[in-house]
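Visitor: I am new to this structure and should be grateful for a close look at one part of it. Please explain each term when it is introduced.

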Amino acid sequence: MRMNDQQVETDRSMRRTQSALTRSRVSGWGLLICLAGACLAGCQTPPDVKPFAVATDALDVVVRSVGREIGNELKTRATAEDVENDKWAELEVDFRTAWSHRIAALDAVSAYAAGLVQVVDAGRSGEQSAREVLDGANTLVSSFSSAYPGGSAAVELLTDALVKSYGVFAQDYAARSVADAIEHVNPAVEDLAGILASDFAVLEQLINDHRNDDLLALAAEYQSNERRDLAAMNSIADARAKARDAAALASDPEEFEELRVIAEGWHKLYEQEAAAEWYAEMTERKAAIIRKHDSRRDAVRSAAATVQAWGEAHESLARASTTMQTPSFAVLAQLTTELLESYAEMRSND
Amino acid sequence: MIDWTEINKSSSADWIALAERLLGRAQAILTTPAPDADALRAVQKDLGEFVNKANLSCPVSAINAARRVSDQITIFLTSLAITDLERRNDKLDAVKARMSSAANELRADAASIRLEPIQNALAAAIKVSAELKGLITEVEGIPKADIPARISAVAKQANRLVKEIESGLSGHRA
């Protein structure tokens with residue numbers, strides 16, 4: 001185990017040194033001149049980083065959106081007819097400020113992921129870049145001297161060889177650049193995944209707290225002086241329960257029948273209330289509150305699952321920089337899809 | 001959890017006593033130096049049950065009081081959640097700084113691999129070449145007295161283009 005660790009560290013150290021040497025040589029025209037010897041130590045190709053970048057963008061969108069939803073929720077409470085308006089307004093500002101740190105961090109991670117993709121793409125189109133440079137050089141040289149044999153077979157051969165060599169070099173350089181970056185930021189990605197996991201747990205609880213408060217406020221609305229519909233319905237239900245309990249205890253069949261009829265009467269009244277317009281309205285509003293909060297909770301849960309897979313995917317990329325194999329992103333891709341579905345559901349319940 | 005067998009639902013006094021018990025529990029928790037969030041959630045759950053089950057015997061003032069206390073509990077729990085988030089802000093700022101720096105390096109690497117600085121330098125060099133050619137043609141056709149001024153003007157222009165080349169190449173990561 002100790003030997004393995006030492007070996008890995010030695011490999012990393014060699015790669016870093018090799019990379020530093022390579023980079024020190026790639027300024028200006030030196031980049032083209034060093035082509036021939038650049039890949040003697042064994043060329044690499046960069047891993048596929050796009051699934052990681054796509055998942056990062058999805059997380060960025062959802063984190064931003066969930067934060068906006070919670071912020072708006074607090075704003076709604078601050079502007080409601082309530083004695084605690086100032087306190088809610090203060091909480092809204094505090095929440096948005098705290099959440100802006102998450103958005104800023106994820107924006108930076110998105111830029112990093114986009115950078116990985118840019119480097120990999122640049123590596124893959126290395127031949128084209130080299131061709132463009134050589135075409136430019138041809139134009140320049142021929143503008144000074146018409147004697148320059150731009151179209152000679154020997155020059156074409158040399159140009160093709162340079163372009164192909166650069167293509168290989170570009171892939172290798174891109175692979176090293178990506179590997180260095182991934183290894184360098186992996187602890188930060190781990191930190192962020194841990195922080196977001198904690199944040200999502202806090203948000204899930206907060207959403208649940210707001211859901212409970214909203215449901216209580218809705219019930220209280222139907223218990224107010226203006227409309228005691230719910231209180232009246234509860235009184236009917238209590239009277240029905242009382243009559244049923246009494247009927248169950250009645251030993252005399254005649255008394256039982258009387259109480260049964262009374263209970264039946266209360267039940268009919270209860271059914272009338274349950275079919276009333278106010279009850280349908282309350283039930284619909286209750287369902288809407290539950291839908292709104294549950295869709296937010298689902299989006300947060302989905303984001304929590306994705307962020308864990310996302311952190312693991314980056315760790316796999318870091319390991320891949322040693323093994324030179326692109327890891328499987330199947331789990332991350334699946335969770336990203338589910339995350340975007342949850343996000344769409346949450347938006348549809350706004 | 002409310003034990004409803006102990007409550008006479010037809011008695012206003014029982015409803016008031018129950019409300020006072022629940023509000024008292026909430027106040028006792030909220031006034032401790034470190035209020036227990038889970039205990040508050042338990043009270044809020046009971047308050048919800050109270051409001052949902054209240055009948056015409058329960059005074060509206062008791063319902064309103066329950067509503068207000070639930071709001072206070074929610075404010076406290078929200079504030080607790082925000083404090084929890086704020087505790088991690090500094091770490092997030094550090095992550096952001098590290099990731100931004102990595103993103104900038106990757107962008108510079110991508111530009112290097114695409115040979116952008118060299119392409120920019122070549123474009124500027126081609127422009128200088130065209131200017132010089134123009135100068136040669138021009139010098140042949142203008143009076144001798146005007147030549148130094150014209151050369152000086154073009155030299156300035158050439159100097160600017162050379163600087164463009166240099167700045168293009170210095171943008172290339174060493």
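Guide: A:Gln334 lies in helix α11 (residues 330–348) of chain A; helices (H or I, at least four residues) and strands (E, at least two) are DSSP runs, numbered from the N terminus. The model is a predicted one, in which local features need pLDDT of at least 70 and side-chain atom pairs count only at pLDDT 80 or more, whereas totals for chains, interfaces and linings use all residues. Residues are numbered from 1 along each chain as its sequence is written, while chains are lettered from A and ligands numbered from 1 in the order in which they are written.

A:Gln334 counts as partly exposed because it has 13 C-beta neighbours inside 10 Å; 20 or more would make a residue buried and 12 or fewer exposed, with C-beta atoms placed from the backbone. Its C-alpha atom is separated by 9.9 Å from that of A:Ala55, although A:Gln334 and A:Ala55 are 279 residues apart along the chain.

From here the view passes to the other chain. In chain A, 73 residues are in contact (C-beta atoms, placed from the backbone, within 7 Å) with 60 residues of chain B. The elements of chain A that each give two or more residues to this side are α5 (85–124), α6 (126–144), α7 (153–221) and α8 (229–249). Among them, α7(A) gives the most, with 25 residues.

One residue of chain B that meets chain A is B:Lys9, found in the segment before α1 of chain B. B:Lys9 is buried, because 21 other C-beta atoms lie within 10 Å. Once neighbours within four places in sequence are left aside, B:Lys9 is in contact with A:Asp238, B:Asn55 and B:Ser57. B:Ser57 is 48 residues away from B:Lys9 in sequence, yet the C-alpha atoms of the two are 7.0 Å apart in space.

After that segment comes the part chosen for the closest look, helix α1 (residues 12–30) of chain B. The 19 residues of this helix should span 27 Å at 1.5 Å a residue (1.5 Å times one less than the number of residues), and the end C-alpha atoms are indeed 27 Å apart. Within α1(B), the residues B:Trp15, B:Leu18, B:Ala19, B:Leu22 and B:Ala26 are buried. Seen down the helix axis, the buried residues of α1(B) fall within an arc of 95°, so they line one face of the helix; the arc is that of the directions from the axis to the C-beta atoms. An α-helix has 3.6 residues a turn, so residues three or four places apart point the same way. The buried residues of α1(B) pack against α2 (37–53) and α3 (60–86) of chain B. On the other side of α1(B), B:Ala13, B:Glu20, B:Gly24, B:Gln27 and B:Ala28 are exposed.

The chain around this helix may now be described. Chain B has six helices and zero strands, running α-α-α-α-α-α from the N terminus on. An automatic or database assignment divides chain B into domain 1 (4–86) and domain 2 (90–170). The centres of domain 1 and domain 2 of chain B, taken over C-alpha atoms, are separated by 72 Å. Along the principal axes, the C-alpha atoms of chain B fill a box of roughly 115 × 30 × 25 Å. Of the 174 residues in chain B, 32% are buried. Among the contacts in chain B with a separation of 6 or more, 72% are between residues 24 or more positions apart.

How values were computed: Two residues are in contact if their C-beta atoms, placed from the backbone, lie within 7 Å.
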